[in-house]
Amino acid sequence: MRLATARVVEHEHLYGETWRTWFAAPGVAEGAATGQFLMVHTPATSDTLWPRAFSYHRFRRGEGRTREFSILYARVGRGTSWLTERTP
């Protein structure tokens, strides 16, 4: 397992409670494919202590040709609410 810090590069509210967030984390998405899973940690609080599994939604090349990835998710709890508040 590799641990890395990802930077939010784009954040979109698509519809209803559905969001897509793009991340840059050099090396994390290299070799990954759509539908594979990654574990996402949010800041530790009493109800978001454990990481959550999200699947890679899309990939693209960002600045410096770094591979960026997005996750598509619904805001349903404190962890995903925290994600919806991130800004690039």
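## Exercises on a predicted structure

Arginine 20 counts as buried, at 18% relative accessibility; buried means under 20% relative accessible area, exposed over 50%, and partly exposed in between (1.4 Å probe, protein chains only). The model is predicted: local features need pLDDT of at least 70, side-chain atom pairs count only at pLDDT 80 or more, and totals for chains, interfaces and linings use all residues. Residues are numbered from 1 along each chain as its sequence is written, and side-chain values use heavy atoms, with hydrogens and water left out.

### Exercise 1: the sheet

Find the order of the strands in the open sheet, and say which strands lie at its edges.

**Solution.**

Step 1. Start with what a strand is: helices (H or I, at least four residues) and strands (E, at least two) are DSSP runs, numbered from the N terminus. Two strands pair if DSSP finds at least two bridges between them.

Step 2. Follow the pairs across the sheet. Its four strands come in the order β1-β2-β6-β5, with antiparallel pairing.

Step 3. Look for strands that pair on one side only: these are the edge strands, β1 (7–15) and β5 (58–61).

Step 4. Now zoom in on one pair. β2 (residues 18–24) and β6 (residues 67–74) are joined in the antiparallel sense by seven bridges. Arginine 20 has leucine 72 in β6 as its bridge partner.

### Exercise 2: the core

Which residues touch the most other members of the largest nonpolar core?

**Solution.**

Step 1. Recall the rule: a nonpolar core is a set of buried Ala, Val, Leu, Ile, Met, Phe, Trp, Tyr and Cys residues joined through side-chain atoms within 4.5 Å. In soluble globular proteins, nonpolar side chains tend to be buried together.

Step 2. The largest core holds 14 residues, and Phe69 and Ile71 touch the most other members.

Step 3. Ask where the members come from. β2, β3 (37–40) and β6 each supply at least two residues of this core, and β6 gives the most, with three.

Step 4. Check the neighbours of phenylalanine 69, where contact means heavy atoms within 4.5 Å. Leaving out residues up to four places away in sequence, its contacts include Trp22, Val28, Leu38 and Phe59.

### Exercise 3: one loop residue

Is alanine 32 buried or exposed?

**Solution.**

Step 1. Locate alanine 32: this residue lies in the loop between β2 and β3.

Step 2. Read its relative accessible area, which is 12%, so alanine 32 is buried.

Step 3. List its contacts. Not counting residues up to four places away in sequence, alanine 32 touches Tyr56, Phe59 and Arg67.

### Exercise 4: salt bridges

How many salt bridges are there?

**Solution.**

Step 1. Apply the rule: a salt bridge is a side-chain nitrogen of Lys or Arg within 4 Å of a carboxyl oxygen of Asp or Glu. By this rule the count is six.

Step 2. Return to arginine 20. It forms a salt bridge with glutamate 12, and the closest N and O atoms are 2.8 Å apart.

Step 3. Try glutamate 30 and arginine 61, whose closest N and O atoms are 3.6 Å apart in their salt bridge. This pair links distant parts of the chain, 31 residues apart: glutamate 30 is in the loop between β2 and β3, and arginine 61 is in strand β5.

Step 4. Compare the two with the cut-offs. Glutamate 30 is partly exposed at 40%, and arginine 61 is partly exposed at 42%.

Step 5. Finish with a network of salt bridges, which links Glu10, Arg60 and Glu68.
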